[in-house]
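Welcome, and thanks for having the viewer open. Keep your selection tool handy, and let's walk through this model one stop at a time.

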Amino acid sequence: MIRRTLLAAAAGAAIAAAGLPLAHAANAWPAAKPITLIVPFSAGGNVDFQARLIGQKLGERLGQSVIVDNMPGAGGVLGVAKAINAKADGYTIVMGFDGPVSVAQLVNKAVKYDAERDLTPIGQVSVAPVVLMARPGLPAKNMAELIALAKAQPGKITYATSGVGTVLHLAMEMVQERAGVQMVHVPYRGGAQITNDVMGGQVDTGYLVTTSATPLVQQGKLQALGVTSAKRIDAIPNVPAFAETPALKGLEINTWTGLFAPKNTPAPIVARLATELAAVLQQPEVRQRLKDGGATPGQGTPAQFAAFLKKEKAAYAAIVTSAKIEQE
């Protein structure tokens with residue numbers, strides 16, 4: 001009788017232990033060790049700046065260190081893939097952004113993950129539009145005039161972006177599809193090269209993030225044709241939104257950053273991270289520093305962020321298919 005009781009107790013303990021890891025991880029988190037925040041970019045860029053800002057503030061609220069791990073490569077794909085393959089225990093999160101999360105798997109067959117399936121959204125960190133800049137002497141001062149010029153010179157007007165299949169490339173494909181024009185894409189590796197070649201007249205137009213475009217506009221060094229947000233932005237109020245042009249009515253394209261965890265991360269941990277992120281984004285210092293970088297602080301629940309991502313991916317998938325965009 002005693003032996004049977006002992007065996008039953010041992011069996012019960014084994015069964016209970018089998019279900020313990022996730023529950024134990026959720027209960028102990030985040031006391032056990034520092035949290036790693038993967039940044040799919042090199043140190044020093046805008047995504048890295050936001051990650052370090054948010055990571056520091058999250059760490060303060062959680063009472064645990066948040067260590068930034070820069071993992072650049074393949075336009076952010078390597079860093080996101082590393083996060084997807086990490087242990088789902090709440091000790092690894094990633095600062096995702098539009099390229100490797102919403103677009104990469106649509107345009108590159110080598111990308112085997114599906115971010116919608118393989119990541120758990122925690123919350124949106126920031127949203128920022130981009131600005132279309134014009135070379136000196138281009139006979140167009142706004143999007144309506146650019147569209148008219150492109151119709152008069154089909155296949156002649158050039159536009160620079162940060163690469164094939166990027167959000168900026170898809171943005172201009174949307175413009176061309178809506179306006180019924182054909183322009184020539186010139187892919188670059190970064191904003192500094194785009195700025196130099198637009199200023200030098202090597203390309204007619206080029207997309208720049210607001211942080212790069214705003215000082216150029218304010219100092220009168222380059223003409224901005226439009227900003228991709230739904231409305232004009234305060235930093236450059238004389239630059240019209242794309243949506244003000246009749247052919248582009250309702251068009252809004254923003255870049256964004258957000259926090260994600262590997263799929264199957266315990267729900268209590270995701271909920272706690274979401275709550276603390278929302279509190280961090282309400283801090284005046286954080287809001288001001290994001291705005292100084294040309295971004296609007298994010299908002300909403302993990303479910304709302306997931307719905308946003310689903311809608312965005314569908315829009316990008318449609319333009320990728322119609323424009324037949326594929327990275328080599």
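Start by selecting glutamine 182, which sits in the loop between H8 and strand S6 (184-187). You are looking at a predicted model, so treat each stop as a feature of that prediction. Glutamine 182 is exposed, with a relative accessible area of 53%. Leaving out residues up to four places away in sequence, glutamine 182 touches Pro154, Gly155, Lys156 and Gln176. Now draw a C-alpha to C-alpha distance from glutamine 182 to leucine 106: the viewer should give 22 Å, for a pair 76 residues apart in sequence.

**A buried stop**

Next, pick threonine 205, in strand S7 (residues 205-209). Is threonine 205 buried or exposed? Threonine 205 is buried, at a relative accessible area of 0%. Show its contacts, again without residues up to four places away in sequence, and you will find Leu132, Met133, Ala134, Leu138, Leu146, Thr158, Tyr159, Ala160, Met172, Val198 and Leu225. From threonine 205 to leucine 225 the C-alpha distance is 8.8 Å, with their positions 20 residues apart in sequence.

**Two nonpolar cores**

Now select the residues with the most contacts inside the largest nonpolar core: Leu132, Met143, Leu146, Val175, Tyr207 and Phe242. That core has 34 residues. H5, strand S4 (119-134), helix H7 (143-152), helix H8 (167-179) and H13 each supply at least two of its residues. Which of the elements gives the most to this core? The answer is H8, with 8 residues.

Zoom in on valine 175. Setting aside neighbours within four places in sequence, valine 175 is in contact with Met143, Tyr207, Phe242, Leu248 and Leu251. Apart from this core lies another, of 28 residues, and you can find it by selecting Trp29, Leu53, Val280 and Leu290, which are among its members.

**H13 and its partners**

Show helix H5 (residues 98-107) together with helix H13 (residues 302-323) as cartoons. Their axes come within 9 Å and cross at roughly 30°. H5 and H13 are therefore roughly parallel to each other, and their crossing is right-handed. To see the contact itself, turn on side chains for Val101, Ser102, Val103, Gln105, Leu106 and Val107 in H5, which meet Leu309, Glu312, Lys313, Tyr316, Ala317 and Val320 in H13. Colour the contact of H5 with H13 by class and you should get 8 nonpolar, 2 polar and 2 charged residues.

Keep H13 on screen and swap H5 for H8. The axes of H8 and H13 come within 10 Å and cross at roughly 70°, which makes H8 roughly perpendicular to H13. H8 passes H13 in a left-handed crossing. On the H8 side, select Val167, Leu170, Glu173, Met174 and Glu177; they meet Ala315, Tyr316, Ile319, Val320, Ser322 and Ala323 in H13. By class, the contact of H8 with H13 has 8 nonpolar, 1 polar and 2 charged residues. Tyr316 and Val320 are worth labelling: they appear in the contact with H5 and in the contact with H8.

**Backbone stops**

Most residues other than glycine have a negative phi, and most peptide bonds are trans. With that in mind, visit three places along the backbone.

- Tryptophan 29 and proline 30 are joined by a cis peptide bond, with omega about 0°. Proline 30 is in the loop between helix H2 (20-28) and strand S1 (35-39), and Trp29 is one of the residues of the 28-residue core.
- Asparagine 264 is not a glycine, yet has a positive phi of about 70°. Look for asparagine 264 in the loop between strand S9 (254-262) and helix H11 (267-280), where it is exposed, with a relative accessible area of 58%.
- Lysine 324 has a phi near 55°, a positive value in a residue other than glycine. Lysine 324 lies in the segment after H13 and counts as exposed, at 73% relative accessibility.

**Zoom out**

Finish with the whole chain in view. The protein has 13 helices and 10 strands, and its C-alpha atoms fill a box of roughly 95 × 40 × 30 Å along the principal axes. Of its 328 residues, 49% count as buried. What share of the contacts with a separation of 6 or more comes from residues 24 or more positions apart? In this protein, such pairs account for 77%.

Key:
Residues are numbered from 1 along each chain as its sequence is written. This is a predicted model: local features need pLDDT of at least 70, side-chain atom pairs count only at pLDDT 80 or more; totals for chains, interfaces and linings use all residues. Side-chain values use heavy atoms; hydrogens and water are left out. Axes are lines fitted to C-alpha atoms, for helices over the stretch in contact, and angles run from 0 to 180 degrees between N-to-C directions. Helices (H or I, at least four residues) and strands (E, at least two) are DSSP runs, numbered from the N terminus. Angles under 35 degrees count as roughly parallel, over 145 as roughly antiparallel, 65 to 115 as roughly perpendicular and the rest as oblique. A crossing is left-handed if the near helix is turned anticlockwise from the far one by less than a right angle, and right-handed if clockwise. Contact means heavy atoms within 4.5 Å. Ala, Val, Leu, Ile, Met, Phe, Trp, Tyr, Cys and Pro count as nonpolar, Asp, Glu, Lys and Arg as charged, and the others, Gly among them, as polar. A nonpolar core is a set of buried Ala, Val, Leu, Ile, Met, Phe, Trp, Tyr and Cys residues joined through side-chain atoms within 4.5 Å. Buried means under 20% relative accessible area, exposed over 50%, partly exposed in between (1.4 Å probe, protein chains only).
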